[in-house]
Amino acid sequence: MHQSELIQVPILVWGGGTGGVAAAIQAARSGVQTLLLTPGGWLGGMVSAAGVCCPDGNELSPWQTGMWGAFLRELAIAEPEGLDQNWVSCFGYRPSTAESLLRRWVAQASQLTWLSNADLLGVERHGSRITAVEVERLGRLLRVVPQLLIDGSDRGDTFPLAEVPFRFGWEPREQWGEPSAPPAEQIQRDPFFHTQPVQSPTWVVMGQLTAPQPPQTLAVQPPQPLPPPFAHATEAFGVERTITYGRLPGGLVMLNWPLGGNDWHWDLAALFQGDPQRREEICQSMQLHSLRFAAALEEISEGWLQPASCFPLASAAESSLAGAEALALMPYWREGRRITGVALIREQDLLPVASGESIAWPARGETGAFSSVAVGNYANDHHYPGADWPLAPKSCRWGGRWSGTPFTIPYGALFSSELDNLLAADKGISSSHMANGATRLQPLVLNIGQAAGAAAALCVQRGCLPAELPVSVLQEALISDPLAPAAPFPLWDTPWHHPEWAQRQRMVLHSPELLNVRGSLEGQPALLDPGSAPGEPGERLWEGILRQQADGTYRLALHDHPMEWPVITLEPALHRWLLEQHHPRPVAMIGCLNPWGPWLRASRLCQR
């Protein structure tokens with residue numbers, strides 16, 4: 001074998017996942033030379049290469065900060081049809097749009113070098129430090145010597161190679177007292193927990209709608225069930241809603257359907273073990289499973305859904321698969337290895353503090369100072385075969401819809417408790433199996449990666465290790481970032497666009513006792529103006545009579561349209577205004593219509 005080429009670099013990021021790319025971009029933007037090594041040719045993992053282009057979580061404007069907020073607003077400009085395209089998310093975009101955006105960010109970061117299509121061979125460590133990472137790329141062996149290594153892969157690729165402690169699989173309720181975790185006795189006796197050690201992945205496949213509306217015969221004469229193993233896929237919502245669940249601009253459709261659809265539940269442990277041939281066999285089975293699901297939907301929809309050509313072929317073997325260009329370039333990994341960090345995120349750290357409350361306290365360090373570096377709010381979601389796993393509730397009515405209550409990611413969950421110079425930037429952060437169901441989503445992972453990249457750059461600049469970096473220094477760097485200012489603290493009433501956003505984040509940083517359980521600042525005005533949200537591409541004026549329903553939702557009877565539209569909002573000012581009104585009442589709103597929701601997403605009142 002040829003001698004390795006030696007590369008010395010301050011920061012090395014392995015993995016092209018959502019968090020890995022965010023970490024590399026942020027570290028380089030912070031002025032530190034960074035090398036990003038990715039196993040594939042696309043950037044972004046689940047937001048692009050894996051095709052999961054209907055992001056979940058962090059949808060409310062107070063949580064649209066940091067790299068996630070910047071990503072979202074640039075997508076809105078890049079997609080002429082807008083992002084209001086489906087009913088699973090408030091946002092939908094084409095995978096190529098996201099990859100192009102990330103590729104441009106990488107190219108603009110002058111301190112960042114990106115090498116694609118690299119194979120990870122080994123990780124060397126000496127004592128408590130990683131000393132080198134070995135990869136093969138285009139027939140060349142590279143030995144990279146970093147000061148700091150960031151694992152930005154979906155599955156925690158470097159953890160077993162570095163022989164660093166990590167968690168994999170289920171933890172019993174007795175271990176941390178998590179309310180939704182199974183007891184130890186059940187884990188030991190039930191084979192389910194051994195065959196399903198992690199949440200089920202999905203190999204996303206893309207479809208293309210051939211017309212704006214489905215054939216009329218689908219509504220007049222409901223079709224027969226899909227063939228096994230998809231027989232129950234359309235039972236809950238019907239054919240049209242099953243298909244438009246993940247609709248994207250241009251009539252593309254993301255097929256990532258959990259209800260009897262293309263989630264993959266078989267031989268999951270082998271996907272994380274050492275036999276590459278077996279892993280490849282399972283991946284091919286995952287691809288065929290998704291293509292069969294797409295073909296079944298094509299037949300039952302009478303050709304309304306057809307395979308889409310969205311991705312380059314990843315290998316010569318794929319060229320023999322019919323519809324291979326509709327397959328994402330990689331699986332959507334919902335869970336992998338989770339590092340044993342200095343701090344641990346448990347399920348109860350995500351939950352509201354008491355019944356009826358709408359916010360959970362941010363994570364606190366031993367000194368009492370807030371240690372959070374990112375805010376998430378996804379409701380918690382686990383994918384397994386069979387019935388839904390019962391999870392402790394963490395959702396509330398907000399803005400005419402259900403939304404998850406916010407939680408925070410402590411800085412100590414990003415770095416290893418054993419290795420001094422290893423950080424995690426994707427799903428491999430230090431969380432429990434149960435908490436992973438809420439911490440694994442695209443928006444939060446983008447901001448986790450941003451925090452990891454900022455922390456690594458600060459460590460290099462200050463000549464310290466991650467455990468030695470004062471969290472307040474990292475928090476200030478995130479708040480004051482010139483390109484993607486990120487919120488470490490959950491302020492429900494302060495959207496990203498408010499002129500006092502940074503000032504109010506710093507108030508919590510310097511006086512954490514001011515942040516109360518309701519997510520507002522004690523003694524400070526709410527700063528809510530229902531006409532203050534910024535303009536968006538594709539918005540327009542909507543006028544009519546607004547009514548509140550018994551279930552807490554809202555409907556708008558338009559003056560110029562026979563249909564009443566459900567109304568939702570992601571803006572705290574408009575949310576508060578809706579709660580305070582007497583209904584019915586005339587209203588003029590600015591917003592975007594989503595016919596596939598269906599709903600009107602209102603952002604502000606019309607100021608006249």
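Buried means under 20% relative accessible area, exposed means over 50%, and partly exposed lies in between (1.4 Å probe, protein chains only). The model is predicted, so local features need pLDDT of at least 70 and side-chain atom pairs count only at pLDDT 80 or more, while totals for chains, interfaces and linings use all residues. Residues are numbered from 1 along each chain as its sequence is written, and side-chain values use heavy atoms, with hydrogens and water left out.

**Exercise 1.** Find the salt-bridge partner of glutamate 171, and work out whether each of the two residues is buried or exposed.

*Solution.*
- Step 1: Start with the term: a salt bridge is a side-chain nitrogen of Lys or Arg within 4 Å of a carboxyl oxygen of Asp or Glu.
- Step 2: The partner is arginine 338, with the closest N and O atoms 2.9 Å apart.
- Step 3: Place both residues: glutamate 171 is in the loop between β7 and α5 (173–176), and arginine 338 is in strand β11 (residues 338–339), 167 residues apart. Helices (H or I, at least four residues) and strands (E, at least two) are DSSP runs, numbered from the N terminus.
- Step 4: Glutamate 171 has 6% relative accessibility, so it counts as buried. Arginine 338 is buried too, at 0%.
- Step 5: Arginine 338 also meets glutamate 335 in a salt bridge (3.4 Å, N to O), and glutamate 335 is buried at 1%.

**Exercise 2.** Now try a pair within one helix: describe the salt bridge of arginine 278 and glutamate 281.

*Solution.*
- Step 1: Their side chains meet at 3.2 Å, N to O.
- Step 2: Both residues lie in helix α10, three residues apart, which is about one turn of the helix.
- Step 3: Arginine 278 is partly exposed at 33%, and glutamate 281 is partly exposed at 34%.

**Exercise 3.** Which residues have the most contacts inside the largest nonpolar core?

*Solution.*
- Step 1: A nonpolar core is a set of buried Ala, Val, Leu, Ile, Met, Phe, Trp, Tyr and Cys residues joined through side-chain atoms within 4.5 Å.
- Step 2: The largest one has 150 residues, and Phe71, Met206, Ile409, Leu414 and Leu474 have the most contacts inside it.
- Step 3: Helix α12 (residues 442–462) gives the largest share, twelve residues.
- Step 4: Another core, of 15 residues, lies apart from it and includes Trp542 and Trp577.

**Exercise 4.** Locate the cis peptide bond that ends at proline 584.

*Solution.*
- Step 1: The bond runs from histidine 583 to proline 584, with omega near 0 degrees.
- Step 2: Proline 584 sits in the loop between α15 (572–580) and β20 (585–594).
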